[in-house]
Amino acid sequence: MAQSETSSTQPASNPRRTLLIVVICFLGFVMVLAYSLPSRSLFGASGPKAVQPVPGDTVIARVGSRTVTANEYTDSLNNLVAMYRRYAEQLASGGGSFPVSIQQLRQQGSDRAILQQLVRRRVIELEAERLGLTATEGEIQQRLREQFRDENGRFIGVEKYKRQLARMGTNYVDFERDLAYTIMEEKLRNFVTSGIQISPQEAEEEYRRQNTRFELSYVVLPAADFGKEVGEPTEDELRAYFEAHKEDFRPTKDRRKVRYIYISQDKAAEIIPVSDEELQKEYDPNKQVKSVQVSQIVLKVLTPKDEDKVLQKANDLVARARGKGGAPPEDFAALARGNSQDPATAAKGGDLGVVERANVKPGDPVEAAFNLGAGEISEPVRRGNAFYIFKVTDRTIKSFEEAKPGLLAIVRNRLSYAKASQLADEAVSLLSRTRNFEETAASIATKLNLKPEDVKRETPLFAPGDDVPDIGSNPSFEEKTSALTEPNEVGEKVGIRGGFAVPQLVEIKKPGDPTLDEVRDKVAAKVKQEKALQKAYERAKELIATAKNAAGLKAAAEAAKLKVEEIKDFNDTAYLDNKSFPAAFPNAEKVKVGELIPMPLYAARNAAPTVAVVAVTARKDADLTKFAERRKETMDRLRGDRANNLFETYIDGVRARLKESGQLRVDRALAERVVVAAAASEAPTE
């Protein structure tokens, strides 16, 4: 760690900004992937039992000489949950729903994404080390001095630096280790992309494209709106389309049809027996507060540089209200009248009255008051642009009987994943032993208080990457089922939407020309879609003929009961309709103001085929006199885009070579056990 201070002209450090940058960058990666992994059994035959943790030094992935251990994976899972919680607090005013437990992370697939990130990091570390591109201690210290400066541009000092990190929920050892990795990755990125060049001509073309602005009127005609005008295709139409587009339907990989037992996590929750004794253990009066009589002091943070000063004042007010340095406590109401910056409550001594828990929205700062006992005063609570201090003068508690339904839901929800996993294990065992799908379905359905048909499902023939009904595109499901090679063979349990599937192979179709019957539904859907799109295109041509020009578009659209939409600031790289409707804009330099684009435009609105009629109502050409001052910025941006693409391609290549040579191995079963154990050991959330 850097131990001295240096002068600089860089802007002051902002803890909130630093936190948000770290959070947003990390979440941006995490949301790239969405997978789900199955879990191992959490129950024995006699009922629930503790999940056995995986030893922390257990290796779950190897990349050359580097490893990913169970501890590292668990820490990453816990850190992401903690980060989501802090992110929700920082952006409380903006709302949002964030996972607050590892189980919820699994439900959205982030656990798999974290493992992918850890493996990617090892790949980059290994490659950077091979090329001699590691971070030096001097580089780490210099970066710290640059990132943590006061308003005068000086390094804030070691202790203050550590306190800032602590407020962000991390420690300096982890932070500096991650900083070393960041420097290493930057060096490798620069090594890989240093040869990229952008010519001035390319920059000028990009500048023109980005800065020629248009005002447009447009009408969209989705193909789906014309579906009712299209009848069911005839057998001759299906066969003709199939023969003409057979290549589109020819699979390149094995296709499988499987039937599977579906164990719903929600249904599993309903059958978990929970005694009053167990609920009594869950019952904590401090977590069952129905309402509080509460007062508040609000101190606003007007600018980021004021944060430390406002926090110091808030801490001082808390100390005075509690009794400072042996002095008796000061009257909270008097402190509120003299200091609170919320006029509505300050005049009343901060009194908020009685606040009912049921009426408090997530993220509301008054949530903190429900963790206080009568007469207690909170620490300063940061929400939005202010610090809040609360005092509770009275509170009402739910009785055990009142709290019982909620407690039951909490306990069952916590155990439902494990129970569903246990039933899936039982289904695997029975089905593997008997190969009798009907018998297994009946047995599992009985345990869930369901009918056999409620747990039986079957897929059509599907290949990797296909959207499977009720499952979607699920890499884990594909992985488990691709291991099945013989009819009636039983696969491992796999997590799917809302629960688990226990698959049994029905048939495999090798790549080759499909028959029409095998892809009939897909062919029929394509024929109907193309007919509907053609209807939309014909209607769009009629609209163009009627409107004649931009001025006539509104009247023609209204007569056809269509809506004209407008965009005031459009360029050749932008999107119509809130960036969900690609404009397919023709050569921007040739578009004339006041005219309709002479032919309808094909596009996709929300991935659905769509036709648009577009009119240019105004245009402002790019001001090339300003290009000179923007040349470097434009060239840098183009170079950055190309560099990102080249670097990711390079890392993918390194990863592929390591995997092919056997130097990259991931034990997904072990990783699965780590996640299950981590989820079972974390504190329950409400």
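Modeller: Let's fix one cut-off before we start: a residue is buried when its relative accessible area is under 20%, exposed when over 50%, and partly exposed in between. Keep in mind, too, that this is a predicted model.

Biologist: Fine, let me try that on a pair. Are Glu125 and Arg66 buried, partly exposed or exposed?

Modeller: Glu125 has 10% relative accessibility, so it counts as buried. Arg66 comes out at 22%, so it is partly exposed. The two form a salt bridge, with 3.3 Å between the closest N and O atoms.

Biologist: Which elements does that salt bridge tie together?

Modeller: Glu125 sits in helix H4 and Arg66 in strand E4, residues 66-69, so the bridge ties together parts that are 59 residues apart in sequence.

Biologist: Which residues are linked with Glu125 and Arg66 in a network of salt bridges?

Modeller: The network joins Arg66, Glu72, Arg121, Arg122, Glu125, Glu129, Asp174, Arg177 and Asp178. Take Arg121 as one of its members. Arg121 is in helix H4, and at 16% relative accessibility it counts as buried. Leaving out neighbours within four places in sequence, Arg121 is in contact with Arg177, Asp178 and Tyr181.

Biologist: How many salt bridges does the structure hold?

Modeller: There are 47. Try another one: Arg539 pairs with Glu229, the closest N and O atoms being 3.3 Å apart. Arg539 belongs to helix H19 (520-547), while Glu229 is in the loop between strand E5 (213-222) and helix H9 (235-244), so this bridge ties together parts 310 residues apart in sequence. Both ends are partly exposed: Arg539 has 32% relative accessibility, and Glu229 has 40%.

Biologist: And what about Arg520, which residue does it form a salt bridge with?

Modeller: Asp517, with the closest N and O atoms 2.7 Å apart. Arg520 is partly exposed at 25%, whereas Asp517 counts as exposed at 58%.

Biologist: Let's leave the charges. How do I read a nonpolar core?

Modeller: In soluble globular proteins, nonpolar side chains tend to be buried together. Here the largest nonpolar core has 38 residues, and the members that touch the most others are Ile60, Tyr73, Leu77, Val123 and Leu188.

Biologist: Which elements give two or more residues to this core?

Modeller: Strand E3 (59-63) does, along with helices H2 (70-90), H3 (102-108), H4 (110-130), H7 (172-193), H22 (627-660) and H23 (668-681). The largest share is eight residues, and H4 supplies it. For a view from one member, pick Val123: beyond residues up to four places away in sequence, Val123 touches Val63, Ile651, Val654, Arg655, Leu658 and Leu664. There is also a second, separate core of 21 residues, with Ala550, Leu553, Leu596 and Val611 among them.

Biologist: H4 keeps turning up. How should I describe a helix pair, and at what angle do the axes of H4 and H22 cross?

Modeller: Two packed helices are described by the angle between their axes and the distance between the axes. For H4 and H22, the axes come within 10 Å and cross at roughly 90°. That makes H4 roughly perpendicular to H22.

Biologist: Which residues of H4 and H22 meet?

Modeller: From H4 you have Gln116, Val119, Arg120, Val123, Ile124, Leu126, Glu127 and Arg130; from H22, Phe647, Glu648, Tyr650, Ile651, Val654, Arg655 and Leu658. Sorted by class, the contact has nine nonpolar residues, five charged and one polar.

Biologist: Last topic, single residues. Where does Val289 lie, and which residues does Val289 touch?

Modeller: Val289 is in strand E7, residues 289-300, and with a relative accessible area of 2% Val289 is buried. Setting aside residues up to four places away in sequence, Val289 touches Arg357, Phe370, Arg395, Thr396 and Ile397. Arg395 is 106 residues away along the chain, but the C-alpha atoms of Val289 and Arg395 are separated by 6.9 Å.

Biologist: And Ala556, buried or exposed?

Modeller: Buried, at 8% relative accessible area. Ala556 lies in helix H20, residues 553-559. Not counting residues up to four places away in sequence, Ala556 touches Leu543, Thr546 and Ala547. The C-alpha atoms of Ala556 and Ile544 are 8.4 Å apart, with their positions twelve residues apart along the chain.

Note on methods: Residues numbered from 1 in each chain as written. Predicted model: local features only at pLDDT ≥ 70, side-chain atom pairs only at ≥ 80, totals over all residues. Heavy atoms only, no water. Core = buried A, V, L, I, M, F, W, Y, C linked by side-chain atoms within 4.5 Å. Buried < 20%, exposed > 50% of the residue type's maximum accessible area, 1.4 Å probe, protein only. Helix = DSSP H or I, 4+ residues; strand = E, 2+ residues; numbered from the N terminus. Contact = heavy atoms within 4.5 Å. Salt bridge = Lys/Arg side-chain N within 4 Å of Asp/Glu carboxyl O. Axes fitted to C-alpha atoms, helices over the stretch in contact; angles between N-to-C directions. Parallel < 35°, antiparallel > 145°, perpendicular 65-115°, else oblique. Nonpolar A, V, L, I, M, F, W, Y, C, P; charged D, E, K, R; others polar.
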